[in-house]
Amino acid sequence: MKRFKRASSVLSKKIQNGWVVLEKNANYYRELNDVASILWSVLQTPRSLQELTQTVVKTFDVDTAAAEKDISIFIKKYVCNGFLEEVS
C-alpha cells in the first residue's frame with residue numbers, strides 16, 4: 001500500500017483558515033482550501049489514500065468514491081509539484 005507524507009523540502013505555516021505551503025526551491029506558495037488543509041494536517045505522518053479518504057469522509061460527510069477520486073488527484077498533483085513524497 002502506497003503511503004505519502006509532506007516533502008521535507010516544503011515549508012508550511014498554519015494560518016487562521018487553513019495552511020500556506022512553500023516549496024523551498026520554488027518562487028511560489030499555495031494557500032490550501034478546507035479539504036486540502038485537513039489533508040495537509042494529517043500528512044505530517046505517512047498516510048495511505050484509504051486513510052486520507054476516511055478522514056475526509058468523516059470530516060465533511062461526503063461520498064467515499066468521490067472523495068477518493070479527488071484525493072487521488074490531489075496526491076498526484078502534489079507529488080508532481082514536490083509538496084508530497086511517497087514513503088515505504
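**Entry 1: the nonpolar core**

I looked first for the largest nonpolar core in this predicted model, and I found that this core has 21 residues. I noted Trp40, Ile71 and Phe74 as the residues with the most contacts inside the core. I then asked which elements each supply at least two residues of this core. They are β3 (18-23), α1 (34-42), α2 (49-60) and α3 (64-80). The largest share comes from α3, which gives five residues.

**Entry 2: tryptophan 40**

I next listed what tryptophan 40 touches, leaving out residues up to four places away in sequence. On the list I entered Arg6, Val10, Ser12, Trp19, Val21, Leu32, Phe83 and Leu84.

**Entry 3: the fold along the chain**

How many helices and strands are there in the chain? I counted three helices and six strands. Reading along the sequence, I wrote down the pattern β-β-β-β-α-β-α-α-β. The radius of gyration is 12 Å, close to the 12 Å that the globule rule gives for 88 residues, so I recorded the chain as being as compact as a globular protein of that length. Taken along the principal axes, the box filled by the C-alpha atoms is roughly 35 × 30 × 20 Å.

I also looked up the contacts in the chain with a separation of 6 or more, and residues 24 or more positions apart account for 51% of them.

**Entry 4: surface and charge**

I noted that 34% of the 88 residues count as buried. The chain exposes about 5,700 Å², and carbon and sulfur atoms supply 50% of that area. For the charged side chains, I recorded 13 positive and 10 negative, with the centres of the two sets 6 Å apart.

**Entry 5: aspartate 61**

Where does aspartate 61 lie? I found aspartate 61 in the loop between α2 and α3. Its phi is near 50 degrees, which is a positive value in a residue other than glycine. Is aspartate 61 buried or exposed? Its relative accessibility is 71%, and exposed means over 50%, so aspartate 61 counts as exposed.

**Entry 6: threonine 59**

I then turned to threonine 59, which lies in helix α2. Its relative accessible area is 42%, so I entered threonine 59 as partly exposed. Finally, I checked threonine 59 against leucine 22, which is 37 residues apart from it along the chain. Their C-alpha atoms are separated by 25 Å.

Conventions
Residues are numbered from 1 along each chain as its sequence is written. This is a predicted model: local features need pLDDT of at least 70, side-chain atom pairs count only at pLDDT 80 or more; totals for chains, interfaces and linings use all residues. Side-chain values use heavy atoms; hydrogens and water are left out. Helices (H or I, at least four residues) and strands (E, at least two) are DSSP runs, numbered from the N terminus. The radius of gyration is taken over C-alpha atoms; the globule rule is 2.2 Å times the number of residues to the power 0.38. Buried means under 20% relative accessible area, exposed over 50%, partly exposed in between (1.4 Å probe, protein chains only). Contact means heavy atoms within 4.5 Å. Accessible areas come from the Shrake-Rupley method with a 1.4 Å probe; for residues, only the protein chains shown count as cover. Lys and Arg count as positive and Asp and Glu as negative; His and the chain ends are not counted. The place of a charge is taken as NZ of Lys, CZ of Arg, CG of Asp or CD of Glu. A nonpolar core is a set of buried Ala, Val, Leu, Ile, Met, Phe, Trp, Tyr and Cys residues joined through side-chain atoms within 4.5 Å.
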